[in-house]
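Visitor: Please take a close look at one part of this model, the surroundings of the ligand, and then say something about how the helices of the other chain pack.

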Amino acid sequence: MAAAGSGRTVSNTFAPVRNWLLLPTWLTVGIFMLLPIALMLVYSFLTKEFRGGVIWEFTLAAYDQFVFDRGLFGDEAPSIEWTYITIYFRSLVQASMATLLCLLIGFPTAFFIATRSPSTRSMWLFLVTIPYWVNLLIRTVSMKFLIRENGPLNQALLGSGLIDTPLQLINTNIAVQLGLFYSYLPFMVLPIYAAVERYNFSLSEAGADLYAGRWTILRRIVIPAVKPGIIAGCILVFVPSLGAFLAPDLLGGAKTFMIGSLIEEQFKGNAGNWPFGAASAMILLTLVLIALLFYARAQTKEQV
Amino acid sequence: MNSIPTAVSIRAVAKHFGQFVAIREMSFDIADNEFFTLLGPSGCGKTTLLRIIAGFENTTSGTVLLFNEELKNLPPNQRPVNTVFQNYALFPHMSVANNIGFGLHMLGWSRKDIDDRVDQMVKTVRLEEFINRKPAQLSGGQQQRVALARAMAPKPKVLLLDEPLSALDLKLRQQMRAELKALQKETGITFIFVTHDQEEALTMSDRIAVMSAGEVQQIGSPSEVYEQPASRFVAEFIGDTNLLDASVVSAQSNQHNQVDVKLDSGECIPATAASPHALENGARGHLSIRPEHITLNALSTTNDLAGTIRNTTYLGTDTQYEIKLDSGVNLFTRTQNSGNQQHNFSIGNKVNVSFAPNSARFLSH
Ligand SMILES: Nc1ncnc2c1ncn2[C@@H]1O[C@H](COP(=O)(O)OP(=O)(O)O)[C@@H](O)[C@H]1O
Ligand SMILES: [Mg+2]
């Protein structure tokens, strides 16, 4: 998308040292990002060892197990194995819902913060990020505490007379979405805030001057102008939500089992299946990459 | 005058921002079809007044009438008034055509009517080839034209322009002055034009309101505010002038505000008072004399306004002389260059200084 193709003359001056200066970056990217993915790719094609680990023998068994029930290479006719596809589909829905929830709450929040006086903005931003000083596990457990049957949320609702029987939130999709929403909200707020802060509010005045009402101004002028921030926020929330395992593990149950938990289980203790976990992760990675590619295509098309 | 309707009527409008007074109570009318300019230094409240007319700010007190209808409480999107914003405020994600058509779309015009009007507007501002470009792909002058076309497309009764030319370079600015003026005459839309550039105001306007610190100092035609400034501020802000401390010695209240004033340096001079309350004996103020209204003659007889040329500056069309009068007062004058060397003076020459009583304005404030 935004290729760093400018600044040729400056970089030429530094050409001899440039490669050396970039070495730490390349090492970091190579060792911590590319190498693990390559390892994962290799492992996904290996044979599983029963107590965890792998046997160095090439096989498509992991992918076969993911997609087909009786197996592509058995005697009987293969049939589709729906278990994992269902988990993936459910994860996509859960992550989409969490992203939508973050957007619905995050957009007005970001707008609110960006329109405060400059001196109070940093305080609001700080407030948004305060929960992130606490470990994600602890935050997720606190969420469980908050929404459990006799937790503060239910007691408050019962006390106010809004409900007669406590809400059964734990082990539902709603609980998982709440958990994901709470985990990733700042990733939505911060990029949108950055975009709204740069937004020139005289554009809204120009809209009003040209007979547009409030909603039309929001829809036709403000949102297109801050769209890059919205999309960045959606990606930043959607991608980790898709692979999340803490919220589904702690707040959900068997019916809300998600990709992250599936992969996690394959590597935990002796029961795991490393090649299958690696294959599941590769499939997830491919899905995310395809989604990002579509987005990049749409962006470049728009810029022409 | 009675036959021309009033487009905008400012009635006792004041605007405070907390303790700060951005606009002190002011009242004036702007006629239909008029090119009316608000002229004043930065921070004097021009934009604030424009924003009140457009509906972006409420008045602290007073009202604005548009063709005799009260505008109070009418939100900006319901006022038949359009604005050319100082930074243009073009919609960055829309093409030139969509920017220009936006207001028409909001007014519910049909697709075909919008297309026709947009075509007409891009022709008017000569942007036919750029109709599909985004604002970022246009030069400053072209963006300025889009802003103008967008604001004029819905055929507003009144167009508000907030320093529309200030971001352009000199050459383009001068060209756009003539174009804007022609466009205004052609369309008959009332223009309320804001600028801090006195030359812009003088060359384009039918009338000018000179503002300072939230107050209107004077309203008049360009020649009125230049030739007959009402206050020291106007005399200094518009054009160049000689300002001399003086007081009234004899108020001949007979006609045309004629007074005799005495400069603090001692000279007695017949002058014209800018305001009636300057016509009291002993009233103090300033005498304003435009440099080009002063005539220089080679010294012949003794005269109470005699002096010596201290410096000369060649300005092309004019020559500027700095003169020290025998009493010690410094003046500067401008004389048009005729090509006849005989009329020129040089440093050290003794000269007589003279000017008509009409050209010496006594300003009490
Ligand atoms: N929203 C506001 N809050 C406080 N002060 C303001 C506001 N808008 C304008 N002002 C002040 O009012 C004065 C007039 O501003 P403005 O109308 O923009 O001046 P101009 O357009 O003549 O340069 C300035 O001193 C400015 O600081
Ligand atoms: Mg201004």
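Guide: Helix α1(B) contributes the most residues to the shell around ligand 1, namely three. This is a predicted model, and the distances and areas below are computed from it. Two elements of chain B each give two or more residues to that shell: β2, residues 20-31, and α1, residues 46-54.

The full list of residues around ligand 1 includes a run in chain B, written here one by one: B:P41, B:S42, B:G43, B:C44, B:G45, B:K46, B:T47 and B:T48. B:F17, B:F20 and B:A22 also belong to the residues around the ligand. Sorted by class, the shell has five nonpolar residues, five polar ones and one charged one.

Three polar contacts can be followed atom by atom. At B:G43, a polar backbone atom is 2.6 Å from an oxygen atom of ligand 1. At B:C44, a backbone N or O atom is 3.2 Å from an oxygen atom of the ligand. At B:T47 the side chain takes part: one of its N or O atoms lies 2.6 Å from an oxygen atom of ligand 1. As for cover, ligand 1 taken alone exposes 560 Å², and the protein buries 60% of that.

Chain A is the place to look for helix packing. Helix α5(A) covers residues 82-114 and helix α9(A) covers residues 173-198. Their axes come within 6 Å and cross at roughly 40°. Angles under 35 degrees would count as roughly parallel, and those from 65 to 115 as roughly perpendicular; α5(A) and α9(A) are therefore oblique to each other. The crossing in which α5(A) passes α9(A) is right-handed. The residues of this contact divide into 21 nonpolar, six polar and one charged.

Helix α5(A) also meets helix α11(A), which covers residues 214-243. Here the axes come within 9 Å and cross at roughly 135°. Angles over 145 degrees would count as roughly antiparallel, so α5(A) is oblique to α11(A) as well. The crossing of α5(A) and α11(A) is right-handed.

Notes:
Residues are numbered from 1 along each chain as its sequence is written. Chains are lettered from A and ligands numbered from 1 in the order in which they are written. This is a predicted model: local features need pLDDT of at least 70, side-chain atom pairs count only at pLDDT 80 or more; totals for chains, interfaces and linings use all residues. Side-chain values use heavy atoms; hydrogens and water are left out. A residue is near a molecule or strand if one of its heavy atoms lies within 4 Å of it. A polar contact is a pair of N or O atoms within 3.5 Å; within protein, one must be able to donate a hydrogen and the other to accept it, and residues adjacent in sequence count only if both atoms are side-chain atoms. Accessible areas come from the Shrake-Rupley method with a 1.4 Å probe; for residues, only the protein chains shown count as cover. Helices (H or I, at least four residues) and strands (E, at least two) are DSSP runs, numbered from the N terminus. Ala, Val, Leu, Ile, Met, Phe, Trp, Tyr, Cys and Pro count as nonpolar, Asp, Glu, Lys and Arg as charged, and the others, Gly among them, as polar. Axes are lines fitted to C-alpha atoms, for helices over the stretch in contact, and angles run from 0 to 180 degrees between N-to-C directions. A crossing is left-handed if the near helix is turned anticlockwise from the far one by less than a right angle, and right-handed if clockwise.
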